[in-house]
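Here is a walk through one model, with an eye on charged side chains and on how two chains meet. Have the viewer open as you read.

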Amino acid sequence: MESNQSKPGLLCNPEGSQRTLYPYVTGTSVVALKYKDGILMAADMGGSYGSTLRYKSVERMKPVGKHSLLGASGEISDFQELLRYLDELILYDNMWDDGNSLGPKEVHNYLTRVMYNRRNKFNPLWNSLVLGGVKKGQKYLGMVSMIGVNFEDNHVATGFGNHLARPILRDEWHENLTFEEGVKLLEKCMRVLLYRDRSAVNKLQISKITEEGVTISQPYSLKTFWGFSAFENPTLGAEGSW
Amino acid sequence: MSQVAVDVPKGGFSFDLCRRNDMLAKKGVQQPSYRKTGTTIVGLIFQDGVILGADTRATEGPIVCDKNCEKIHYMAPNIYCCGAGTAADTEAVTDMVSSQLQLHRYHTGRESRVVTALTLLKKHLFNYQGHVSAALVLGGVDVTGPHLHTIYPHGSTDTLPFATMGSGSLAAMAMFESKYKEGMTRDEGIKLVTEAICSGIFNDLGSGSNVDVCVITKGHKEYLRNHLVPTPRTYVSAEGYKFTKKTEVLFTKITPLTEKVVVLEGGDAMEE
């Protein structure tokens with residue numbers, strides 16, 4: 001009973017709390033869409049420490065098991081913790097050795113439960129997750145937020161992508177995009193995010209998952225255009241203003 | 001015989017309660033949050049001039065109070081201004097600067113310049129330190145060429161080839177950033193502005209209803225009110241409302257209202 005008496009002191013004292021109160025090292029948006037053969041997902045490689053762009057080679061997309069791909073925005077350490085949980089999940093599944101393996105729907109459900117339970121204990125994993133995969137020809141793309149909100153859709157975006165990428169995807173996504181069209185659409189979204197999101201870096205990876213497996217591209221950067229005449233001479237006709 | 005106890009206030013803003021508000025905030029009293037009116041306004045420069053666009057929804061918190069309001073305000077024959085933020089502030093500030101511009105036109109005998117409107121607006125807004133909550137997209141064509149500016153409530157300005165403001169600005173900016181190019185024709189420009197406003201209408205809850213467009217070129221302007229109606233009202237029945245069969249018309253009588261004005265013959269003229 002002594003341990004119960006010592007615990008309230010720890011919980012009441014905010015400095016002694018062991019719960020996540022705010023994120024420290026964060027990743028920005030992840031954008032994903034379904035295309036003809038599977039799922040395409042894009043994320044940049046930046047890890048910001050507050051307003052500093054501290055880490056520029058953070059891989060925010062990882063394969064999970066044989067059929068799924070997980071992308072995360074938000075706290076990087078919580079993403080790494082989730083990868084450990086998923087490792088254990090996949091390991092136990094493999095140990096059954098029954099010829100069956102966890103598909104994207106199952107992994108998505110598991111992640112929802114984990115996120116929601118952590119939120120109920122007021123100790124959330126500060127991430128917005130994007131889970132995509134293909135199993136037996138069925139494509140699946142879902143999202144889980146840090147409070148446990150989950151849904152499945154043809155295209156998803158986290159963070160700033162909600163405001164900037166979603167209008168573009170809603171306008172231009174259609175069934176049976178080819179791989180090239182899908183990549184072009186994702187790059188369009190990532191370019192707008194690069195222009196307008198302060199925590200974006202011009203170093204991104206695009207990954208695809210199909211029935212055959214996961215491919216994560218090498219990091220590359222997008223071309224940007226700054227040559228508008230208004231940018232070159234903004235005070236034309238108005239000397240002294242800006 | 002009683003003395004007037006209350007002083008008549010001098011007019012303008014009164015900052016008397018600021019100290020008390022600060023004290024209350026320190027004690028933990030939550031200040032009431034500002035009502036955002038929700039809007040998508042955009043502007044872009046094309047090869048012959050400027051195109052401005054706006055949605056037409058005015059909101060009071062969660063309620064749409066005006067389904068078809070006008071957010072593109074007249075400043076001068078060659079200058080128009082879109083306004084986002086508190087509707088009263090945008091109306092008052094654009095009206096005021098419009099009158100100032102007209103007086104200036106009479107004084108100088110020349111066509112107003114966009115930078116004049118810009119300077120008058122930013123002076124006023126900075127003076128009120130952001131309390132006049134008006135975020136504006138100002139566009140026009142004058143002797144020096146086409147100009148497009150954004151003005152923020154605190155008084156800072158930007159000169160841009162394309163601009164968006166309001167709660168739907170991110171959705172509209174996503175459209176602009178992916179599709180804008182220099183030297184667009186009139187039709188391409190109108191199409192892009194319409195797409196950006198529609199993006200705000202469909203993806204932002206604070207914007208909605210119809211699309212207004214205003215095209216300003218050298219010596220000519222075109223105000224396309226309700227250029228696009230992307231969310232028309234659809235009735236369940238194609239013929240509209242029909243009375244159920246049980247309602248029979250038994251008897252119709254029409255009584256015209258009589259005029260009740262009494263005209264005095266040869267009465268006195270109105271007193272001055």
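Is D212(B) buried or exposed? D212(B) is buried, because its relative accessibility is 0%, and buried means under 20%.

## What you're looking at

First, a word on confidence: this is a predicted model. The predictor gives the complex an ipTM of 0.79 and a pTM of 0.79. Chain B has a mean pLDDT of 86, with 87% of its residues at 70 or more. Where pLDDT is low, the predicted coordinates should not be read in detail.

## A buried acid and its partner

Back to D212(B), then. The side chain of D212(B) pairs up with R225(B) in a salt bridge, 2.6 Å from N to O. This pair ties together distant parts of the chain: D212(B) is in strand β11 (residues 211–217) of chain B, while R225(B) is in strand β12 of chain B, 13 residues apart. The two ends of the bridge sit in differing surroundings: D212(B) is buried at 0% relative accessibility, whereas R225(B), at 28%, counts as partly exposed.

Strand β12 (residues 220–228) of chain B also holds E222(B), which is linked to R186(B) in helix α5 of chain B, 36 residues apart. In that salt bridge the closest N and O atoms are 2.7 Å apart. Here both ends are partly exposed: E222(B) has a relative accessible area of 27%, and R186(B) comes in at 29%.

## A bridge along a helix

Over in chain A, have a look at E81(A) and R84(A), whose side chains meet in a salt bridge of 2.8 Å, N to O. Both residues lie in helix α2 (residues 76–96) of chain A, and they are three residues apart, about one turn of the helix. E81(A) is partly exposed, with a relative accessible area of 24%.

If you want the overall tally, the whole structure has 16 salt bridges over all chains.

## Where the chains meet

How many residues does each chain bring to the contact? Chain B puts in 22 residues and chain A puts in 22 residues. About 1900 Å² is buried between the two chains, and carbon and sulfur atoms give 63% of that area.

Polar and charged groups are at work here too. Between chain B and chain A there are three salt bridges, and three residue pairs are in polar contact across the interface. On the chain B side, α3 (114–127), β9 (157–159), α4 (169–179) and α5 (186–203) each supply at least two residues. Of the elements on that side, α4(B) gives the most, with eight residues. Sorted by type, the chain B residues that touch chain A are eleven nonpolar, seven polar and four charged.

## The charged network

One of the salt bridges is D171(A) with K179(B), where the closest N and O atoms are 3.9 Å apart. That pair belongs to a network of salt bridges that links D171(A), E172(A), K188(A), K179(B), K191(B) and E195(B).

## A serine to finish

Last stop: S98(B), in helix α2 (residues 87–108) of chain B. S98(B) counts as buried, with a relative accessibility of 11%. What does S98(B) contact, leaving aside its neighbours within four places in sequence? Y74(B) and M75(B) are the residues in contact with S98(B).

Notes
Residues numbered from 1 in each chain as written. Chains lettered and ligands numbered in written order. Predicted model: local features only at pLDDT ≥ 70, side-chain atom pairs only at ≥ 80, totals over all residues. Heavy atoms only, no water. Contact = heavy atoms within 4.5 Å. Buried area = accessible area lost by both parts, 1.4 Å probe. Salt bridge = Lys/Arg side-chain N within 4 Å of Asp/Glu carboxyl O. Polar contact = N/O pair within 3.5 Å; in protein donor to acceptor, adjacent residues only side chain to side chain. Helix = DSSP H or I, 4+ residues; strand = E, 2+ residues; numbered from the N terminus. Nonpolar A, V, L, I, M, F, W, Y, C, P; charged D, E, K, R; others polar. Buried < 20%, exposed > 50% of the residue type's maximum accessible area, 1.4 Å probe, protein only. pLDDT = per-residue confidence, 0-100.
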